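Biologist: Please take a close look at one part of this model and walk me through its surroundings, starting from a single residue and working outwards.

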Amino acid sequence: MDIIDTARNVLRKEAESIEKTASGLDENFEKAIYLMKNCSGKIVVIGLGKSGHIGRKIAATLSSTGTPSFFVHAAEALHGDLGMIAKDDIVLAVSYSGETQELIEMIVSLRIIGASIISVTGNSNSTLAKEADVNIEIKIDNEADMLNLAPTSSSTATLAVGDALAVVLSMIRGFKEEDFAVFHPGGSLGKRLLSKSRNEKTVQEVG
């Protein structure tokens, strides 16, 4: 096995999955954007397993770019954490198969609560996709591992879709550098941005 060639093949397969998903985006992505933009509550991202790990990062990216969001583990949701969700919230349910049992089981409760559901799946005919208000479909040919089993291409494409949602929403909301600075006060980047923001404010006041 040539290690470098194998690694390049993995990266190329994952890049292809993002390109295919990008080409397949349709009006459902736009519907999801407007639902999230008009949400008066929070975006609650729910997932399990690798989709849960990806969902946690999506929630973090949404929050840091001006869309209030938090992550709920699907298993914990079924045992009381659904109480974190309110009728004005939107649930972003992440499951590549669209058949994750824990996500399917919470749909009735979410409808009783009154929250809207946006699903991110690899199958628009799956149970979750059909039950959701809007489904964003991830499109890949194969996973990047030799057995075509490990979530690799699918999880990478899902993460990229989450980034796309966050970036588009931030642009629509007019999210600015100074807003980013307020949400990132720690570290060198936060200090630099906050210092720049303060200096600009001082100049405006003096002017």
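Modeller: A sensible starting point is threonine 158, which lies in helix H8 of what is a predicted model. Threonine 158 has a relative accessible area of 6%, and since buried means under 20%, this residue counts as buried. Its side chain reaches the backbone oxygen of serine 154 at a distance of 2.8 Å. Once its neighbours within four places in sequence are left aside, threonine 158 is in contact with Ile54, Ile58, Val94, Val120 and Ile138.

The helix that carries this residue comprises 20 residues, 153–172. At 1.5 Å a residue, H8 should span 28 Å, and its end C-alpha atoms are 29 Å apart, which agrees with that expectation. Threonine 158 is one of several buried residues in H8, among them Ser153, Ser154, Ser155, Ala157, Val161, Gly162 and Leu165; others are Ala166, Leu169 and Ser170. The buried residues of the helix pack against helices H1 (3–24), H2 (27–37) and H3 (49–64), and also against strands S3 (90–94), S4 (116–121) and S5 (134–137). After H8 comes glycine 174, whose phi is positive, near 70°.

The strands just named belong to an open sheet of five, arranged in the order S2-S1-S3-S4-S5 with parallel pairing. Strand S2 (69–73) and S5 stand at the edges with a single partner strand each, so one side of each is left without a neighbour in the sheet. From one strand to the next, the twist averages 20°. At the S5 edge, S4 and S5 run parallel and are joined by four bridges, and isoleucine 118 stands opposite valine 134 in S5.

Two further helices can be placed relative to this sheet. Helix H2 lies across strand S1 (43–47), S3, S4 and S5, and runs at about 130° to S5. Helix H3 packs on the sheet as well, touching S1, S2 and S3, with a direction that makes about 165° with that of S2.

The nonpolar packing draws on these elements together. The largest nonpolar core has 26 residues, of which Met36, Ile43, Val45, Leu62, Leu92, Ile136 and Leu165 touch the most other members. At least two residues of this core are supplied by each of H2, S1, H3, S3, S4, S5 and H8, and the largest share, five residues, comes from H8. A second, separate core of 18 residues includes Val44, Ile46, Met106 and Ile117.

Within the larger set, valine 45 shows how the elements meet: leaving aside its neighbours within four places in sequence, valine 45 is in contact with Gly55, Ile58, Ala59 and Leu62, with Ser69, Phe70, Phe71 and Val72, and with Leu92 and Val94. Ile58 and Val94 are also among the contacts of threonine 158, which brings the description back to its starting residue.

One of the contacts of valine 45, serine 69, lies in strand S2. Serine 69 is buried, with a relative accessible area of 12%. A polar atom of its side chain lies 2.9 Å from the backbone oxygen of isoleucine 43, and the contacts of serine 69, again without its neighbours within four places in sequence, are Ile43, Val45, Ala59, Leu62 and Ser63.

Definitions and conventions:
Residues numbered from 1 in each chain as written. Predicted model: local features only at pLDDT ≥ 70, side-chain atom pairs only at ≥ 80, totals over all residues. Heavy atoms only, no water. Expected span 1.5 Å × (residues − 1). Buried < 20%, exposed > 50% of the residue type's maximum accessible area, 1.4 Å probe, protein only. Contact = heavy atoms within 4.5 Å. Pairing = 2+ DSSP bridges. Axes fitted to C-alpha atoms, helices over the stretch in contact; angles between N-to-C directions. Core = buried A, V, L, I, M, F, W, Y, C linked by side-chain atoms within 4.5 Å. Polar contact = N/O pair within 3.5 Å; in protein donor to acceptor, adjacent residues only side chain to side chain.
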